[in-house]
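This briefing walks through selected features of one protein model. Please keep the sequence and the 3D view open while reading.

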Amino acid sequence: MKRNELGLYFKTLRLVRGLTKKEAARLYHISLSYLDLIEDDIKYVSISNDLKCRMSEVYNIRIKENENEIDQLNQLFNQYFNACFYSLKDEISEIYELIQKKKALIKNTLLYPKYLLIEYLHGFYLEIPIEDQEVISNILSKIFMQFESRDLQIYYLYLSMELRNVGQSEHAKNCLETALEYWNDDVIQSLLYSRLSMICSVLGKNFDSLSCALKAKALFEKTNNYIRNARCLNSIGLIYLNLGDYLESINYFNEAISCGKLINDNTITSTSYFNIVIAYLFLDDYSSAIESINKAIDYGYNKTKLYYNTAFAYWKLNQIKESKKWIKDGIYKAADLEKNDVEYKFLKLFEKMLSKPNEEITYLEKIVELTEKKNASQADFLKLYYRELIRKYKANDMYKEALECMEKNAKLYQILK
């Protein structure tokens, strides 16, 4: 085995077996600082044969015997990778069967984490459309060709992000859940839980997302990671917003704001103020919504959705002139967007609704129809306008339409939960 592989080799075995550095150092009969140098593969640090034997005995392995075994297994893994890259399905299956037969042996080698990655990928690779296989092959290439050059946990994070990017969120979730079983470092676990929370949110599993986010928050606080903790607090607020617990969401947004101000992060501060706006709109507290809008602006928030949500608040307060002003400013802001952009169309519909108050229901229906075509990031606005449309239907004795709209709104809440 190459000198620069020994540290990573024993680090991998330690992590897979669930040993802490302190526990491993005690079993190896060396100091904790010396173990740090070994696992970081510091060039000038020597590892005596006696120490190699002591370390090997902890895991019931023999280094000499494993050298040839690792080379053979690595060749087998490379063959699997090449078969995936060229979409040779028969060869993929055959090589995978050979790898599975050597699973017990692999567990005692440096290649075990790479085997786990193959496990994640193999479960769906043969089932995905042929046009997507090139994308997966590129992922394999990026992971396998650089695998020994960085800490292994980075690849679990990287793989999960790549899988999510190609629409394999469920597999990305499984990847991170398995990774959490093998790494008990607080810093790494905080990142894994944070990433897992995001993926659960994409999958519409908000309770799972909340559970992971709260674990990430506790670890960020423990490790004094103020920047990530501020973002995590904002994410928790968004989860509560999706679950309909608006007061609790405001509490977390306010915590994110305090943390954002502490670290001088205007982005997280302004974003959290804007998210409070959405919560107040659902609570029918339009004056407080406008107050939070002004604070969001003070900290630099200037996205297009600021304009039509502010216009909505003024419209509900029956301040039509002010509402029209915000819509006009929003249209000007969106002037550089393509005319088929959803937000631009949204603003134009709102403008027409304000100009024709007798046709509010018609334009609300068009706004809802347009928002339904938007992605999941518009779910909050869709719920808001569903509710407004239901109120208009009931006020005009259109109970059948109100019932249909209520059913759509209920389904949306169910999806988000």
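Which side chains meet in a salt bridge at 2.7 Å, N to O? They are those of Asp36 and Lys21. The model is a predicted one, in which local features need pLDDT of at least 70 and side-chain atom pairs count only at pLDDT 80 or more, while totals for chains, interfaces and linings use all residues. Residues are numbered from 1 along each chain as its sequence is written, and side-chain values use heavy atoms, with hydrogens and water left out.

**Salt bridge between helices 2 and 3**

- The structure holds 13 salt bridges, a salt bridge being a side-chain nitrogen of Lys or Arg within 4 Å of a carboxyl oxygen of Asp or Glu.
- Asp36 belongs to helix 3 (residues 32-39) and Lys21 to helix 2 (residues 21-28), so their salt bridge ties together parts that are 15 residues apart in sequence.
- Helices (H or I, at least four residues) are DSSP runs, numbered from the N terminus.
- Both ends are partly exposed: Asp36 has 26% relative accessibility, and Lys21 has a relative accessible area of 29%.
- Buried means under 20% relative accessible area, exposed means over 50%, and partly exposed lies in between (1.4 Å probe, protein chains only).

**Salt-bridge network around helix 22**

- Asp284 forms a salt bridge with Arg391, and their closest N and O atoms are 2.8 Å apart.
- Asp284 sits in the loop between helix 16 (266-282) and helix 17 (286-298), and Arg391 sits in helix 22 (residues 379-395), so this pair ties together parts that are 107 residues apart in sequence.
- Asp284 is partly exposed at 34% relative accessible area, and Arg391 is partly exposed at 31%.
- Another salt bridge joins the side chains of Glu388 and Lys316 (2.8 Å, N to O).
- This pair links distant parts of the chain, with Glu388 in helix 22 and Lys316 in helix 18 (residues 304-316), 72 residues apart.
- Glu388 is buried at 2% relative accessibility, whereas Lys316 is partly exposed at 27%.
- Through shared partners, salt bridges join Asp284, Lys316, Arg387, Glu388 and Arg391 into one network.

**Helix 14**

- Helix 14 (residues 226-243) has 18 residues and spans 26 Å from its first C-alpha to its last, close to the 26 Å expected at 1.5 Å a residue.
- That expected span is 1.5 Å times one less than the number of residues in the helix.
- Among the buried residues of helix 14 are Asn229, Cys232, Leu233, Ile236, Tyr240 and Leu243.
- An α-helix has 3.6 residues a turn, so residues three or four places apart point the same way.
- Gly244 follows helix 14 and has a positive phi, near 85°.

**Positive phi outside glycine**

- His29 is not a glycine, yet it has a positive phi of about 65°.
- His29 lies in the loop between helix 2 and helix 3 and is exposed, with a relative accessible area of 61%.
- Asp284, already met in the network, also has a positive phi, near 60°, in a residue other than glycine.

**Negative surface patch**

- Asp90, Glu91, Glu94 and Glu97 form a negative surface patch.
- Patches are made of residues with over 30% relative accessible area and no salt bridge, with like charges joined within 9 Å and nonpolar side chains (Val, Leu, Ile, Met, Phe, Trp, Tyr) within 5 Å.
- Asp and Glu count as negative, and Lys and Arg as positive.
- Glu97 of this patch lies in helix 6 (residues 89-101).

Technical notes: Areas by Shrake-Rupley, 256 points an atom, 1.4 Å probe, with all protein chains shown as cover. Charge placed at Lys NZ, Arg CZ, Asp CG, Glu CD. Helix = DSSP H or I, 4+ residues; strand = E, 2+ residues; numbered from the N terminus.
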